[in-house]
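Visitor: I would like a close look at a single part of this model, set against the chain as a whole. Please begin with the surface and then go to the part itself.

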Amino acid sequence: MELLETQDPEKKRLIEASNRHKQELQREVKAMSDKTEQVVKNALIIGGTLAVTYLLISQLRPSKRKKVKTKATVQNSESAFEPAPAYSPPSFLSQLGDRLVNQATLILLDIAKDKLFEYLSNRKQKHEDS
């Protein structure tokens, strides 16, 4: 069969063109899959850092719900005719503490992001080398 294909120059040219197109399509599919893989990795990194940030902030910041419940139980135990304590805005020190925690979280997330990108690039280079 190959003997007949190689004898006809037109068929030979068409087969070579077909092989080139096939290789080009395979290369494009591989490039698209690599880009998709990178996007998914980035999405996982971002989602993970957001989840960790949420957990850290929820653990470090006292819950307002608990305060409301404890105040409500104290008020119910005391006489109903006593006025409720006046709301006082957060103090300067607590606001400063919140800002410091937020800045520290951002810095740590930035460092974690850089380390993850470095790890993934090293892993990708090792994968390509092998």
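Visitor: How much area does the chain expose, and what share of it do carbon and sulfur atoms supply? After that, take me along helix α2 and tell me which of its residues are buried.

Guide: The model is predicted. Its chain exposes about 12,100 Å², and carbon and sulfur atoms supply 62% of that area. Of the 130 residues, 5% count as buried. The secondary structure consists of 4 helices and 0 strands, so the order of elements from the N terminus reads α-α-α-α.

Helix α2 covers residues 9-60, 52 residues in all. From its first C-alpha to its last, α2 reaches 76 Å, close to the 76 Å expected at 1.5 Å a residue. The buried residues of this helix are A17, I45, T49 and T53. For the spacing of such positions, one general point helps: an α-helix has 3.6 residues a turn, so residues three or four places apart point the same way.

As for what lies over these buried positions, the cover of the buried residues of α2 includes α4, residues 92-129. Helix α4 also holds T105. This threonine is buried because its relative accessible area is 10%, and the cut-off for buried is under 20%. T105 also makes a polar contact within the model: its side chain reaches the backbone oxygen of V101 at 2.7 Å.

To return to the part you asked about, α2 has A17, I45, T49 and T53 as its buried residues, and α4 is among the elements that cover them.

Key
Residues are numbered from 1 along each chain as its sequence is written. This is a predicted model: local features need pLDDT of at least 70, side-chain atom pairs count only at pLDDT 80 or more; totals for chains, interfaces and linings use all residues. Side-chain values use heavy atoms; hydrogens and water are left out. Helices (H or I, at least four residues) and strands (E, at least two) are DSSP runs, numbered from the N terminus. The expected span of a helix is 1.5 Å times one less than its number of residues. Buried means under 20% relative accessible area, exposed over 50%, partly exposed in between (1.4 Å probe, protein chains only). Contact means heavy atoms within 4.5 Å. A polar contact is a pair of N or O atoms within 3.5 Å; within protein, one must be able to donate a hydrogen and the other to accept it, and residues adjacent in sequence count only if both atoms are side-chain atoms. Accessible areas come from the Shrake-Rupley method with a 1.4 Å probe; for residues, only the protein chains shown count as cover.
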